[in-house]
Amino acid sequence: MSSVARIIWFDLKHELSPPVWIVMEWLSFGLQIAVYGALIARLVTGITNYLQFYAVGFVVMMTFEIGSHTGRHFVEHAHEGRLPYLLSLPIPRRTLFLAITLQGGVELALMLSIPLLVTLTLIGNLTIVSTIATVATLFWLGFGVAGLMLALSFIAFRSADLYSAITAAVSALIIRFSTVLYPLIFLPQQYASAALLSPLTYGADLVRLFLGFDPNMLLNPTIAAAVLTALAISTLGLGAFLLQRLVEGVKSG
Amino acid sequence: MLAVETKNLFKQYGKAQALKGLDFTVDEKEIMVLLGPNGSGKTTLLLILATVLKPTSGIARVMGLDVIGQPTKVRQILGISFQDARGFWRHKPAEILRFHATICGVPKIKREQLIDQILKDLELWDARNKLFMHLSGGQAKRLEVAKLLIQRPPFAIFDEPSSQVDLRGKRIIWEDIRKLRDEGTTVLVATNEVREAEYLADRVTVLDQGKNVVCDTVRSLKDKIAGGDIVELQIEDLDKAGLLEALSRLEGTVKITQTGENQCRAYVSMAESWVPKMTDLCYKKNVRVTSVRVTEPSLDDVFLHFTGRALEAAPSVE
């Protein structure tokens, strides 16, 4: 087993024995779709199959939350002193950061597996290509969000409380001002402008396009794909750069 | 080759300077003890050598490898036992050690046997399947030390290896550290415990406010304190003409005071050579020495002598 796999498995096995946290995420999704989603779908008349629209939006929200959790987790590790230990291990930094990133990816895959399966079943009539494109988009979005939280982590080295407050505020704004629960064309002008700043808008619209939703109420897919790619590359790159400078420049733990 | 060499090493955290142009060396296969109060820069130096922290400026080399230019290679030849046990809260001691041994390349064939042995040696066997968060402070600290004893790297760094550990545990840890040195490992120990330093050190570096104050063997450091050795004497007929005066003129005497009838206290340098001269003198003067008690200075006194402050009262710079 490689160093990357060992580091991932060392933590992951505790997430899985027993997988309480993961199952809770699944139950939360099930409850949200079965109760709130079903009720709200009866109220919304402007969008056909709103329950499916809502389910996709909820999966995108989960992706965002898991991605941001991964980023925050890293900062917590620095504060509780685990990171210095990992930094002292006889492996290259690149390997360590790759392991931490992939661990977030594996957690994302585990937590999203059942909700995504339920959503795809609910939508039905899918091709392998559209399913793969959906999964890829969600991962790309997850990495971008984790990178965003990592890029914000420089605040945590000054004040953990400030970091928590800022990331909570950013998260709330990014989710509310996005198209996860309502299409862009139905939003008032001011809200629509704000929603265009949220990465979730691009993630949600691209996923919906791959899953066969009406393209007329979605963003241009090329633009959405470009924005998500730019987000993932820039935030992960910036996050890795900042962390390498910060983690090795300040005393933590 | 020097095991560790730093030249003009600086480390700054915001406005606070933890290391102020530190020049420091460690010879191969010795136990070097860094002695200094909290905040003297010990941990910062250790973290820089372990490539966990980057220095602000200056040079630091481990076994000839530059910590900035070749960090991965440096990490491959060293291991560090941190000051605080690093929290894998939901993991168990045995699996933490297994993970560490595997990542550090301990051969599979002897890994399990070694882990079992170290767990027993450090009296962690009964706690091997407890969650880390349920370990006592002493157990967590011993686990931190156990990682290095399993890894057995060419260069081992221990940051306050026996803090929070009971007396019996301290002895075990100290013996294990000495064994490491005897097997050829270079050991660097940071501590503010005088007894730990005296027990372990081949040489001691006194660190204060981010600077290397003095470095030598424990014996030499103590000998450098003029009048550091205290000799308490009981002599029949101490009041005999000129005896006290003659003792005060003996080579090595810094000060001598009468403390009672036929009793005096002499502050001397190197008591081991002063006492024979004193007995010679008394013999010549036909005076009987009935009791001699020698107290040598502690490393606390050494710190006081070289820095002007007691080890425990020294201020922090971080």
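This short talk walks through chain A, the contact between chains A and B, the nonpolar cores and the domains of chain B.

Before I begin, please keep in mind that this is a predicted model, in which local features need a pLDDT of at least 70 and side-chain atom pairs count only at pLDDT 80 or more, while totals for chains, interfaces and linings use all residues. Residues are numbered from 1 along each chain as its sequence is written, and chains are lettered from A in the order in which they are written.

Let me start with chain A, which has eleven helices and zero strands, helices being DSSP runs of H or I of at least four residues and strands runs of E of at least two, numbered from the N terminus. Its radius of gyration, taken over C-alpha atoms, is 19 Å, close to the 18 Å that the globule rule gives for 253 residues, so chain A is as compact as a globular protein of that length; the rule is 2.2 Å times the number of residues to the power 0.38. As for confidence, chain A averages a pLDDT of 86, with 95% of the residues scoring at least 70, on the predictor's scale from 0 to 100 for each residue.

Now to where the chains meet: 20 residues of chain B are in contact with 20 residues of chain A, contact meaning that C-beta atoms, placed from the backbone, lie within 7 Å. On the chain B side, the elements that give two or more residues are helix H2 (71-77) and helix H3 (93-103) of chain B.

Turning to the interior, the largest nonpolar core has 134 residues, and Val33(B), Leu49(B), Ala146(B) and Val189(B) touch the most other members. Helix H3 (residues 50-80) of chain A gives the most to this core, with 15 residues. Such a core is a set of buried Ala, Val, Leu, Ile, Met, Phe, Trp, Tyr and Cys residues joined through C-beta atoms within 7 Å, where buried means 20 or more other C-beta atoms within 10 Å, exposed 12 or fewer, and partly exposed in between, with C-beta atoms placed from the backbone.

Finally, the domain assignment, from an automatic or database source, gives chain B domain 1 (2-222) and domain 2 (227-296), whose C-alpha centres lie 44 Å apart. Asp239(B) is found in the loop between strand E11 (229-235) and helix H9 (243-249) of chain B, and Asp239(B) counts as exposed because it has 10 C-beta neighbours inside 10 Å.

Methods. Contact = placed C-beta atoms within 7 Å.
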